Amino acid sequence: MKRIAVTGGAGQINYNLLFRIASGDLLGKDVPVALHILEVPPFIDVLKGVVMELNDCCFPLLQEIVIGTDPFEVFEDVNFALLVGAKPRSKGMERKDLILDNGKIFVEQGKALNAKAAKDVKVVVVGNPCNTNCLICMHNAPDISKDQFFAMTRLDENRAKAFLAQEAKVLTTDVKKMAIWGNHSKTQVPDFFHAEIQGKKAIEVLSEDWLKNTFVEKVQNRGGAIIEARGKSSAASAASAALDTVFSLVSTTPEDDWHSLCLYTKNNPYNIDNDLIFSFPCRTLEDGSIKIIEAVEWTPYLEEKIALSQKELLEEREMIAHLL
Ligand code: NAX
């Protein structure tokens with residue numbers, strides 16, 4: 001059995017994610033799971049309602065549910081930690097205040113993971129700003145190897161793949177090597193130069209003008225477009241991307257593909273600052289280790305955009321330096 005910690009259990013992503021984990025969409029239909037769900041006290045009763053529904057589904061793989069408000073209790077022995085819970089930005093709130101407020105959450109959760117999680121725990125941060133939250137969490141968990149911490153850009157990759165497939169009128173499975181570089185924010189860099197559609201470079205299949213001037217913005221602004229249409233931010237697609245992220249972490253990546261993942265930059269092959277959580281194209285090897293794809297040639301366009309995304313992450317780190 002695998003123990004999966006999920007935070008923000010009463011939130012909208014989890015109203016989808018928890019049910020999919022329990023039904024076997026995270027680790028497969030043959031792996032029993034225990035859910036360890038964390039919430040803050042004002043929402044624990046809402047979470048109890050979600051737990052009632054989880055029980056009412058009679059999921060055969062769901063063997064145990066632990067809920068609570070103290071991460072030191074909830075994270076006991078967990079093998080995976082999906083850190084989704086974070087405060088949303090309220091009206092008039094500065095980005096800096098959000099980063100500082102959410103940063104504190106990840107100090108405590110990092111310490112709790114360090115003290116209580118299973119040694120093999122893999123931590124995936126979804127709650128925003130996910131790269132910087134992940135950096136804080138990792139630094140506060142010094143006994144867990146830094147290569148066990150990740151933040152999510154898979155939703156951006158999936159959105160990009162879907163746009164390319166729609167434009168080229170092919171299936172999403174025909175689109176490969178769709179890398180996202182940098183921060184999970186509007187400065188993210190969807191790399192259409194190296195994406196492939198049915199084995200050909202995307203720039204040979206679609207117009208460079210569309211790719212540069214329409215596609216990139218569509219990917220960067222998709223979150224906002226969903227809020228505008230739905231009145232709420234992406235939830236089911238975010239949950240799906242979190243499942244995809246974990247799937248890619250635990251299964252060997254096909255030779256002809258990559259997956260996008262934010263991970264620790266120490267000794268990265270692209271000369272990105274050594275103490276960030278940064279999105280790269282990655283491959284999971286047969287031995288389970290994660291490797292950044294090397295020698296992807298940056299065009300001047302990519303170089304300029306990736307530098308801007310790195311700059312933003314350096315600024316975020318500066319704001320929370322006291323939490324590291
Ligand atoms: P909701 O506001 O619906 O849910 C968040 C939940 O987290 C709430 O129930 C809240 O009580 C709980 N929470 C807050 N602080 C907590 C703490 N210290 N411990 C445990 N739980 C805590 O947000 P939702 O739409 O579910 O989104 C969750 C997070 O995902 C947000 O930060 C959001 O910005 C982020 N996203 C990240 C994405 C990514 O691609 N990396 C995409 C989707 C999403 O926007």
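Two strands are taken to pair if DSSP finds at least two bridges between them. In this predicted model, that criterion is met by strand E4 and strand E5 (residues 122–125), which run parallel and are joined by 4 bridges. Within this pairing, Ala81 stands opposite Val123 in E5. Strand E4 (residues 80–83) also pairs with E1 in the parallel sense, here over 3 bridges, and the bridge partner of Val6 in E4 is Leu82. In a regular strand the side chains alternate between the two faces of the sheet. Along E4, Phe80 and Leu82 point one way, whereas Ala81 and Leu83 point the other way, and all are buried.

Strand E1 (residues 2–7) has 5 of its 6 residues buried, so this strand is largely enclosed by the rest of the structure. Besides its pairing with E4, E1 is joined by 6 bridges to strand E2 (residues 33–38), and these two strands run parallel. Arg3 stands opposite Ala34 in E2. Together with helix H1, strands E1 and E2 make a right-handed β-α-β unit.

Helix H1 spans residues 14–22 and contains Phe19. The relative accessible area of Phe19 is 14%, and the residue is therefore classed as buried, the cut-off being under 20%. With neighbours within four places in sequence left aside, Phe19 is in contact with Asn14, Val50, Glu53, Leu54, Cys57 and Phe59. Phe19 and Phe150 are 131 residues apart in sequence, and their C-alpha atoms are 22 Å apart in space.

The largest nonpolar core comprises 74 residues, and those with the most contacts inside it are Leu17, Leu35, Leu54, Leu164 and Phe215. Helix H9 (residues 236–250) supplies the largest share of this core, with 7 residues. A second, separate core consists of 31 residues and includes Ala5, Val107, Val123 and Leu323.

The surroundings of Phe215 were examined with residues up to four places away in sequence not counted; on this basis Phe215 touches Ala160, Phe163, Leu164, Met178, Pro190, Phe192 and Trp210. One of these residues, Phe163, is found in helix H6 (residues 154–168). Phe163 has a relative accessibility of 5% and hence counts as buried. Under the sequence exclusion of up to four places, Phe163 touches Trp210, Phe215, Lys218, Val219 and Arg222. Trp210 is thus listed among the contacts of both Phe215 and Phe163. Phe163 and Lys116 are 47 residues apart in sequence, with a C-alpha to C-alpha distance of 41 Å.

Helix H5 (residues 130–139) has 9 of its 10 residues buried, so the helix is largely enclosed by the rest of the structure. The buried residues of H5 are Cys130, Asn131, Thr132, Asn133, Cys134, Leu135, Ile136, Cys137 and Met138.

Burial was also found in a loop. Thr253 is placed between H9 and strand E12 (259–264), and its relative accessible area of 8% classes Thr253 as buried. Not counting residues up to four places away in sequence, Thr253 touches Trp258, His259, Arg283 and Thr284.

An open sheet of 3 strands, with antiparallel pairing, has the order E7-E10-E11. Strand E7 (175–176) and strand E11 (200–201) stand at the edges; each has a single partner strand, so one side of each is left without a neighbour in the sheet. Strand E10 (residues 196–197) is joined to E11 by 2 bridges, and these strands run antiparallel. Glu196 stands opposite Lys201 in E11.

The ligand is surrounded by 24 residues, of which Gln12, Ile13, Glu39, Val126 and Asn128 come nearest. For Gln12, a backbone N or O atom lies 2.9 Å from an oxygen atom of the ligand. A polar backbone atom of Gly8 is 3.3 Å from a nitrogen atom of the ligand. In His184, an N or O atom of the side chain is 3.3 Å from an oxygen atom of the ligand.

Methods
Residues numbered from 1 in each chain as written. Predicted model: local features only at pLDDT ≥ 70, side-chain atom pairs only at ≥ 80, totals over all residues. Heavy atoms only, no water. Buried < 20%, exposed > 50% of the residue type's maximum accessible area, 1.4 Å probe, protein only. Contact = heavy atoms within 4.5 Å. Core = buried A, V, L, I, M, F, W, Y, C linked by side-chain atoms within 4.5 Å. Right-handed = clockwise from strand over helix to strand, strands pointing away. Near = heavy atom within 4 Å. Polar contact = N/O pair within 3.5 Å; in protein donor to acceptor, adjacent residues only side chain to side chain.
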